[in-house]
Amino acid sequence: MGQSLERRRKKPEWPAFVDLEKFKGPDSQVYIIKDRCKECEWCIIYCPEEILETGEEINVKGYRPPVLKEGKTFDDCAECHFCELICPEFAIYVKVLEESDAEDE
Ligand code: SF4
Ligand code: SF4
């Protein structure tokens with residue numbers, strides 16, 4: 001059998017030499033392509049800032065894509081792009097907003 005859910009959800013220890021503050025940029029937004037997600041939760045489990053959680057909405061495949069955790073904002077994102085790298089479905093990505101993007105919003 002696979003790992004228990006509890007073990008699977010256990011937050012990994014991040015190496016002390018990873019200085020997340022160094023990744024922080026001016027502004028970023030995390031995008032999720034909902035219908036690609038298969039609810040593996042890797043992005044949620046491995047996000048060092050713990051800003052994601054499983055949403056309630058169900059996608060076309062019957063899975064629940066991640067959403068921004070209640071009480072968190074995109075300002076909490078370290079822009080480390082790890083969620084992007086680890087997602088097996090290429091369903092999540094981070095875009096660093098340019099000043100012109102911010103004006104559009
Ligand atoms: S880039 Fe992704 S993994 Fe990194 S802090 Fe932001 S949401 Fe979390
Ligand atoms: S890693 Fe990708 S497929 Fe897995 S829950 Fe996150 S967005 Fe969905």
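A residue counts as buried if 20 or more other C-beta atoms lie within 10 Å of its own, as exposed if 12 or fewer do, and as partly exposed in between. The exercises below concern a predicted model.

**Exercise 1.** Determine whether Glu 50 is buried, exposed or partly exposed, and describe its backbone.

Solution. Locate the residue: Glu 50 sits in the loop between α2 and β2 (52-54). Next, count neighbours: 13 other C-beta atoms lie within 10 Å of Glu 50, so the residue is partly exposed. Finally, read the backbone angle: phi of Glu 50 is positive, about 55°, although the residue is not a glycine. Most residues other than glycine have a negative phi.

**Exercise 2.** Carry out the analysis for Glu 39, giving its place, its phi and its exposure class.

Solution. Glu 39 belongs to the loop between β1 (28-32) and α2 (42-46). Its phi is positive at about 55°, and Glu 39 is not a glycine. Glu 39 has 18 C-beta neighbours inside 10 Å and therefore counts as partly exposed.

**Exercise 3.** Place Glu 79 in the fold and state what separates its C-alpha atom from that of Ser 28.

Solution. Glu 79 lies in the loop between β3 (66-68) and α3 (82-86). Because 19 C-beta neighbours fall inside 10 Å, Glu 79 is classed as partly exposed; the class of buried residues begins at 20. Along the chain, Glu 79 and Ser 28 are 51 residues apart, while 6.9 Å separates their C-alpha atoms.

**Exercise 4.** Summarise the secondary structure, burial and contact range of the protein.

Solution. Count the elements: there are 4 helices and 4 strands. Put them in order from the N terminus: α-β-α-β-β-α-β-α. For burial, 14% of the 105 residues count as buried. For contact range, take the contacts with a separation of 6 or more: 65% of them join residues 24 or more positions apart.

**Exercise 5.** Describe the residues around ligand 2 and the largest nonpolar core.

Solution. Begin with the ligand: 14 residues surround ligand 2, and the closest are Cys 37, Cys 40, Cys 43, Cys 87 and Ala 91. Sort the shell by class: 10 residues are nonpolar, none polar and 4 charged. Turn to the core: the largest nonpolar core has 13 residues, and those touching the most other members are Ile 32, Cys 43, Cys 47, Cys 83, Cys 87, Ala 91 and Ile 92. Last, follow Ile 32: leaving aside residues up to four places away in sequence, Ile 32 touches Cys 37, Pro 65, Pro 66, Ala 91 and Ile 92.

Note on methods. Residues numbered from 1 in each chain as written. Chains lettered and ligands numbered in written order. Predicted model: local features only at pLDDT ≥ 70, side-chain atom pairs only at ≥ 80, totals over all residues. Near = placed C-beta within 6 Å. Nonpolar A, V, L, I, M, F, W, Y, C, P; charged D, E, K, R; others polar. Helix = DSSP H or I, 4+ residues; strand = E, 2+ residues; numbered from the N terminus. Contact = placed C-beta atoms within 7 Å. Core = buried A, V, L, I, M, F, W, Y, C linked by C-beta atoms within 7 Å.
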